Amino acid sequence: MKHLNIFILTTCIGLFVNTAHADKPEYIKFEGKHLEHGRSIWLDTCENCHAYGIADSPNPLVPEDWRKRLEQDAKVLYTHAIDGFFGPDHSMMPAKGGNDSLTDDEVKAAVDYMTELARYYIKSKKEE
Amino acid sequence: MKYKLKNSWIILSFTFITVLVAGIAWASDVGDNPSITPRTMADALHMVMDSDRAVYTKKIVNRLVKKEKVIKASEHFEDEKALVLPAQMFRFGAEMVAEKAEKNPDINFSYSLQSLWPINKQNAPATDAEKEGLKFVVDNKGQNYYTTEELGGITYFTAVYADVAVAPVCASCHNDHKDTPKSDFKVGDVMGGVVIRIPISG
């Protein structure tokens, strides 16, 4: 019975998380478990600022915000996201987006998802 | 020929003076009559407030506290000889404006930083418009709230703009404060709102 309760609770939480993320079609679901995992982390932690440009954060849906950033090595973006980063005019990206519970690999997955999303919108704009 | 030339100069000078006088009269008229909507006025005021606060946060607090690590910023800035927090700087500005506006009724507007979860009860919403506006900016992130309300026989245009936790310290300071009614803020969350109130009649 205890196991059944845990199963029902887990299923309910799973359904809630899926529903919460499902109504944001602009955040494309890319193929592959890594990017799927990255999307989930990005929506839980990064979206809160990056979707609204809070504290000068670059929005992946805005091609102009990302063109130059994508020219950098992925390692630079990982380091900035994991350790935090002072941008132009002392704007500040907090370490792990302020979510200390994330592992380095989880942050990297979120960065990979965000850059993939930015590339998608840059490509979409070119094709218009 | 000479007469004609002189006459032309007189006509030209008269036209120039007429245009100049009309221009000055028009400029004076525009300065004294409403040519900007209350909403645009509120948006413009908020743009100034928001930019000043962002500059203080980035170029003073972030640079000296986080990057150079030469001083700290603290709620108890006098006791600890520290920088005032960006939210405190904003509040001190609002208090000074309130004092000045009281002495100059022609410039009777006000602004304040409020929250549905205030650490200081004084900063809780008092009017229905404030309550509704704060709830709206929390539920509709990225959007502002505009309405009119009547207080003491005067009609006001009231605008509410979201106030967001832009750094971990904003969230942790509120979460850990002994008087906070909410302790699960995270970076990027709407923690409250800036309420701007402009009289439009009465």
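**Exercise 1. How far can you trust chain B?**

Task: Find the mean pLDDT of chain B, then work out where in chain B confidence is lowest and where it is highest.

Solution: Start with the whole chain. This is a predicted model, and the mean pLDDT of chain B is 89, with 88% of its residues at 70 or more. Next, go element by element. Helix α1 (residues 2-32) of chain B has the lowest confidence, with a mean of 66, while helix α4 (residues 128-139) of chain B has the highest, at 98. Keep a rule of reading in mind here: where pLDDT is low, the predicted coordinates should not be read in detail. Finally, look at the complex, for which the predictor gives an ipTM of 0.74 and a pTM of 0.80.

**Exercise 2. Lay out the sheet of chain B**

Task: Work out the order of the four strands in the open sheet of chain B, and say which are the edge strands.

Solution: First, write down the order, which is β1-β4-β3-β2, with antiparallel pairing. Then check the ends: β1 (110-114) and β2 (145-151) of chain B each pair on one side only, and these are the edge strands. Neighbouring strands of the sheet are turned by 25° against each other on average, with direction ignored. Now add the helix. Helix α2 (residues 38-67) of chain B packs on the sheet and touches β1, β2, β3 and β4 of chain B. The direction of this helix makes about 135° with that of β4(B).

**Exercise 3. Follow strand β3 of chain B**

Task: Find how many bridges join β3(B) to β4(B) and to β2(B), then explain why β3(B) is largely enclosed.

Solution: Take the β4(B) side to begin with. Ten bridges join β3 (residues 154-164) to β4 (residues 190-201) of chain B, and the two strands run antiparallel. On that side, Thr158(B) has Arg197(B) as its bridge partner, and Phe157(B) stands opposite Ile198(B). Now turn to β2(B), which pairs with β3(B) over seven bridges, again in the antiparallel sense. Here Tyr146(B) stands opposite Ala159(B). The hairpin of β2(B) and β3(B) has two residues between the strands, and Gly152(B) takes a positive phi near 60° in this hairpin. The last step is burial: β3(B) is largely enclosed by the rest of the structure because nine of its eleven residues are buried.

**Exercise 4. Cross two helices in chain A**

Task: List the elements of chain A in order, then decide how α2(A) and α5(A) lie relative to each other.

Solution: Count first: chain A has five helices and two strands, running α-α-α-α-β-β-α from the N terminus on. Of its 128 residues, 27% are buried. Contacts between residues 24 or more positions apart make up 64% of those in chain A with a separation of 6 or more. Now pick out α2 (residues 33-50) and α5 (residues 104-127) of chain A, whose axes come within 7 Å and cross at roughly 85°. Angles of 65 to 115 degrees count as roughly perpendicular, so α2(A) and α5(A) are roughly perpendicular to each other. Residues making this contact include Trp42(A) and Ile41(A) of α2(A) and Tyr113(A) and Met114(A) of α5(A). By class, the contact residues divide into eight nonpolar, five polar and four charged.

**Exercise 5. Inspect the interface**

Task: State how many residues of chain A are in contact with chain B, and sort them by class.

Solution: Begin with the count: 13 residues of chain A are in contact with 17 residues of chain B. Then sort the chain A side, which has seven nonpolar, five polar and one charged residues.

Note on methods. Residues numbered from 1 in each chain as written. Chains lettered and ligands numbered in written order. Predicted model: local features only at pLDDT ≥ 70, side-chain atom pairs only at ≥ 80, totals over all residues. Pairing = 2+ DSSP bridges. Axes fitted to C-alpha atoms, helices over the stretch in contact; angles between N-to-C directions. Contact = placed C-beta atoms within 7 Å. Nonpolar A, V, L, I, M, F, W, Y, C, P; charged D, E, K, R; others polar. pLDDT = per-residue confidence, 0-100. Buried ≥ 20, exposed ≤ 12 C-beta atoms within 10 Å, placed from the backbone. Parallel < 35°, antiparallel > 145°, perpendicular 65-115°, else oblique.
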